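Q: Could you take me through the main pocket in this protein, what lines it and where those pieces sit in the chain? I'd like a close look at that one part.

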Amino acid sequence: MNTSHTILSEATSASGIYVGMTRGRDTNYLHIVAKNLTEAKAQFIEAVDRDRADRGLDHATAQAVKAVRGLVADGPVQLVTDELARLDREAERAQRQAER
C-alpha cells in the first residue's frame with residue numbers, strides 16, 4: 001500500500017493513530033473533522049492521551065472497526081476496510097500456525 005488514510009474519531013487510540021500513520025509507503029494521512037486547526041489539535045492530543053496500553057492486534061482491530069462503523073464504504077474508507085479484512089486473515093493464519 002502506497003498511501004494510508006486514518007480517520008480520527010472518539011474511538012481512535014494512540015496506537016490506532018500510530019498504526020494508521022505508519023502503513024503507507026509514500027504518504028500517510030490523518031483525517032480530522034474539526035471547525036478549525038485549534039480544535040483539530042485538541043482532538044489529536046486527546047486521542048494520543050486516550051490509551052497508552054498496547055492491548056494487542058485483536059483489540060486494535062476491534063477499535064478500528066468501531067471507528068469506521070457507519071461511514072460510507074467507498075474511497076479511502078474502502079481501502080481501510082479492505083486492509084482490516086486482510087489483517088484479520090493474516091492474524092487467523094498466524095494463529096493457526098502458532099497452534100501447530
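A: Sure. Let's start with the fold around it. This is a predicted model, and in it 55% of the contacts with a separation of 6 or more are between residues 24 or more positions apart. The protein has four helices and two strands, and from the N terminus on they run β-α-β-α-α-α. Of its 100 residues, 19% count as buried, taking buried as under 20% relative accessible area. The protein exposes about 7200 Å², with carbon and sulfur atoms supplying 53% of that.

Now the pocket itself. The largest one has a volume of about 560 Å³, and 26 residues line it. If you want to find its middle on screen, pick out Gly-16, Val-19, Gly-20, Ala-64 and Leu-84, the lining residues that lie nearest the centre.

Which elements each supply at least two residues of the lining? They are β1 (3-7), α1 (14-20), α3 (56-68) and α4 (76-99). The largest share comes from α3, which puts in seven residues. Going by those ranges, Gly-16, Val-19 and Gly-20 belong to α1, Ala-64 to α3 and Leu-84 to α4.

As for chemistry, the lining has 13 nonpolar residues, eleven polar ones and two charged ones. Keep in mind that glycine goes in the polar class here, so Gly-16 and Gly-20 are among the polar lining residues.

Note on methods. Residues numbered from 1 in each chain as written. Predicted model: local features only at pLDDT ≥ 70, side-chain atom pairs only at ≥ 80, totals over all residues. Heavy atoms only, no water. 1 Å grid on protein atoms, 1.4 Å probe; cavity = no way out; pocket = protein on both sides within 12 Å on 5 of 7 lines; lining within 4 Å. Points joined across faces, edges and corners; volume = space filled by probe spheres on them. Buried < 20%, exposed > 50% of the residue type's maximum accessible area, 1.4 Å probe, protein only. Contact = heavy atoms within 4.5 Å. Areas by Shrake-Rupley, 256 points an atom, 1.4 Å probe, with all protein chains shown as cover.
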